[in-house]
Amino acid sequence: MRCDDTPGGTQERADCGSAYIDVDELPEGLIVLDGDGVVLSVNRAAERLTGVTRRVALGRHIGDGLPFRDADGRDWWKSLDPHGGLAIRSRQPERPLHLPGRPELLVATRLVRRPERGGPVVRIVITLRDASARARLERSRADLVSTVAHELRSPLTSVKGFTATLLAKWERFSDAQKLVMLETVNADADRVTRLITELLDVSRIESGRLQIHRQVVDIPARARRIVAGRVAAGEREDRFHVEVRGELPETWLDQDKIDQILANLVENGLRHGRGTVTIVVEPVEWGVAVSVRDQGEGVAPELVGRVFRQFWRGNGRRRGGTGLGLFIVKGLVEAHGGTISVQRAPGGGAEFRFILPTGAPDFG
Ligand SMILES: Nc1ncnc2c1ncn2[C@@H]1O[C@H](COP(=O)(O)OP(=O)(O)O)[C@@H](O)[C@H]1O
Ligand SMILES: [Mg+2]
């Protein structure tokens, strides 16, 4: 059997060069009909997706054995009309179809002609995919769009409100009042910018486009820098403690991303936690472990699986965060080949601990 001579009867195997193809191993459903619509072959995935066994389907006309319908209940075989229409028509793009009482499937069809251009249809090859995964994906995307729209609208509503008020009643406000309003507008504009920057990070993480530029990074020095930044911004110095345990190996990491990870975890410790924020850096077998601890309430065990999800915020909703921070942190750690987890800190509070492999200049 030649490779371009795919299932022609009871045969379901083809020897294509060196690869031996068994249609039952295909993840997608495959149904082959002759030019008149008689079922010649049904693979295992197609049996599962349609709920029709090949014993029932083989040798019958597709209109009897597998009567596909579109969303409006129209007979698919009639609408396919393989022998009508243009004689060069070779395919029907993927579309959602269902069998009576069965869930929707995504069905793509190929009309095989002999001779290839303009000849009569001698075979019809149909592939089937489960539509529910796509529907789920679309639903989660729709949820994401509505969340993002909502997150962007609230600061913009405030910006619009204050600018409209100032424009309409400029003379009626004192300089001090105007200053307060402009400060609010400024903070809200910052929030929108930050949200957009974070969303771009999320999109890079999700599409696997995050690039790691490795260089030698001194993690304790980066941690001290983040702390110095918070102190310069008005935080008390005694709220922080950076500790190095043992001899650290040389680590090849992306410095900007390490800063972003540390800044996010420190910010969470300050905003969601309480007391001192401690950063411990220590060597582990295959790299370096960094723990960021605080002395607040910590993360309840039942919420541990949730904190790293997009837009998930505990009672942080009142505290001005976007709920994207830890999702991004996890993505950045994993892009380095590392892992992150959260547990209870030794003295209570939350402890976020990530482990990064030492890396090497020639990979990543
Ligand atoms: N150090 C912490 N202590 C307690 N809860 C925390 C801590 N860090 C994060 N969380 C919880 O995890 C949620 C998600 O964190 P994150 O993704 O950084 O979003 P955000 O900080 O914008 O709320 C927070 O809203 C908070 O409920
Ligand atoms: Mg955060």
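**Exercise 1. Locate Pro 115 and describe the peptide bond before Pro 115.**

Solution. Pro 115 sits in the loop between β6 (105–113) and β7 (121–130); strands here are DSSP runs of E with at least two residues, helices are runs of H or I with at least four, and both are numbered from the N terminus. The bond that joins Arg 114 to Pro 115 is cis, with omega about -10°.

The model is predicted: local features need pLDDT of at least 70, side-chain atom pairs count only at pLDDT 80 or more, and totals for chains, interfaces and linings use all residues. Residues are numbered from 1 along each chain as its sequence is written, chains are lettered from A and ligands numbered from 1 in written order, and side-chain values use heavy atoms, without hydrogens and water.

**Exercise 2. Give the strand order of the open sheet formed by five strands, and its pairing.**

Solution. The order is β4-β3-β7-β6-β5, with antiparallel pairing; two strands pair if DSSP finds at least two bridges between them. At the edges are β4 (39–42) and β5 (91–97), each of which pairs on one side only. On average, neighbouring strands are turned by 20° against each other, direction ignored; the axes are lines fitted to C-alpha atoms, and angles run from 0 to 180 degrees between N-to-C directions. Next, take β3 (residues 29–34): β3 and β4 are antiparallel and share three bridges. Leu 33 has Val 39 in β4 as its bridge partner.

**Exercise 3. Find the loop that holds Asp 81 and state the sign of its phi.**

Solution. Asp 81 lies in the loop between α4 (76–80) and β5. Phi of Asp 81 is near 40°, positive although the residue is not glycine.

**Exercise 4. Describe the shell around ligand 1 by class and by element.**

Solution. Start with the count: 20 residues surround ligand 1, the closest being His 272, Asp 294, Thr 322, Gly 323 and Leu 326; a residue is near if one of its heavy atoms lies within 4 Å. By class, seven are nonpolar, ten polar and three charged; Ala, Val, Leu, Ile, Met, Phe, Trp, Tyr, Cys and Pro count as nonpolar, Asp, Glu, Lys and Arg as charged, and the others, Gly among them, as polar. By element, α8 (255–272), α9 (325–335) and β14 (350–357) each supply at least two residues, and α8 gives the most, four.
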